[in-house]
Structures are given as structure tokens and as C-alpha cells.
Amino acid sequence: ELFLIRRGEVRILLPIDKMHSHHISTLGRGVFFGELSFLDGCPRAATAVAFGEVDVFVLSRPAFNQLEGEHRQAALKLLEGLAVALSGRLRSAYTEMRALEAS
């Protein structure tokens, strides 16, 4: 499933061990998460935790497949938006890794 935050904030945490996790980011209104598992079907690598009250829109893969069959252009636009956002997130992660290596 792909989640789009309608209201509130969601923290994305990367589990380190049973007792600890690393805060990756805090996401707010209009931002999505769950895209990697939505796209590749693999288990989620991070945990999403609501920070206060949160409303999200949920798009399941079967619902997306139906959208793709009925409205191909809309589905392509959604995938294009995901690709652009993922590219930006990957660039940010790369920049952060370079900064950590330099310190």
C-alpha cells in the first residue's frame, strides 16, 4: 500500500535492533510513504509511526492495478510522480552519506 498524508505527521524510523531505531524523517501533509514496498512488493524496511492524530489516503496495489486498466494516463502520472520523488530522496540520501563520510 501507498500512503498519502492528508493531515498530521508521520515519523519514519529505521530499526537498528530490538531496542533502538534511527529517525529518518518526519513527514507531513501531502507527502507519501510506503512507496518502495508498493512498487516492488518486498517487505517494508522502515516503520511509520503516527505523531499525534493522522489521516491518510491509502492506495493498495490491486486498486492501482484497476486504475491502470481503466485510466492508464492517470496511473502513468502517478508512477512518474513517484519516480521524481524517489529520485529526490535518493539524491538527499547520497548527499547525507557524503557529508557523513567527510566528517
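**Salt bridges and helix packing in a predicted model**

Colleague: Is Lys77 buried, partly exposed or exposed?
Modeller: In this predicted model, the relative accessible area of Lys77 is 57%. The threshold for the exposed class is over 50%, and Lys77 therefore counts as exposed.

Colleague: With which residue does Lys77 form a salt bridge?
Modeller: The partner lies in helix H3 (residues 72-102), as Lys77 does, and the two are 3 residues apart, about one turn of the helix. This partner is partly exposed, with a relative accessible area of 45%. The closest N and O atoms of the pair are 3.9 Å apart, a value that falls within the 4 Å limit for a salt bridge, and the partner of Lys77 is Glu80.

Colleague: How many residues apart are Asp55 and Arg6?
Modeller: The side chains of Asp55 and Arg6 meet in a salt bridge, with 3.5 Å from N to O. The pair links distant parts of the chain, since Asp55 belongs to strand E4 (residues 47-59) and Arg6 to strand E1 (residues 2-15). Asp55 is partly exposed at 27% relative accessible area, and Arg6 is likewise partly exposed at 43%. Along the chain, the separation of Asp55 and Arg6 is 49 residues.

Colleague: Which residue's side chain meets that of Arg7 in a salt bridge?
Modeller: Arg7 sits in strand E1, while its partner sits in strand E4, 46 residues apart, and the pair links distant parts of the chain. At 40% relative accessibility Arg7 counts as partly exposed, whereas the partner, at 62%, counts as exposed. The N to O value for this salt bridge is 3.6 Å, and the partner of Arg7 is Glu53.

Colleague: Which residues are linked in a network of salt bridges?
Modeller: The structure holds 6 salt bridges, among them the pair of Asp55 and Arg6 and the pair of Arg7 and Glu53. The residues linked in a network are Arg6, Arg7, Glu53 and Asp55.

Colleague: Are H2 and H3 parallel, perpendicular or oblique to each other?
Modeller: The axes of helix H2 (residues 61-70) and H3 come within 5 Å and cross at roughly 130°. That angle lies between the perpendicular range, 65 to 115 degrees, and the antiparallel one, over 145. H2 and H3 are therefore oblique.

Colleague: How many nonpolar residues does the contact of H2 with H3 have?
Modeller: On the H2 side the contact involves Phe64, Leu67, Glu68 and Glu70, and on the H3 side Arg72, Ala74, Ala75, Leu78 and Leu79. By class, the contact has 3 charged residues and no polar ones, and the number of nonpolar residues is 6.

Definitions and conventions:
Residues are numbered from 1 along each chain as its sequence is written. This is a predicted model: local features need pLDDT of at least 70, side-chain atom pairs count only at pLDDT 80 or more; totals for chains, interfaces and linings use all residues. Side-chain values use heavy atoms; hydrogens and water are left out. Helices (H or I, at least four residues) and strands (E, at least two) are DSSP runs, numbered from the N terminus. Buried means under 20% relative accessible area, exposed over 50%, partly exposed in between (1.4 Å probe, protein chains only). Axes are lines fitted to C-alpha atoms, for helices over the stretch in contact, and angles run from 0 to 180 degrees between N-to-C directions. Angles under 35 degrees count as roughly parallel, over 145 as roughly antiparallel, 65 to 115 as roughly perpendicular and the rest as oblique. Contact means heavy atoms within 4.5 Å. Ala, Val, Leu, Ile, Met, Phe, Trp, Tyr, Cys and Pro count as nonpolar, Asp, Glu, Lys and Arg as charged, and the others, Gly among them, as polar.
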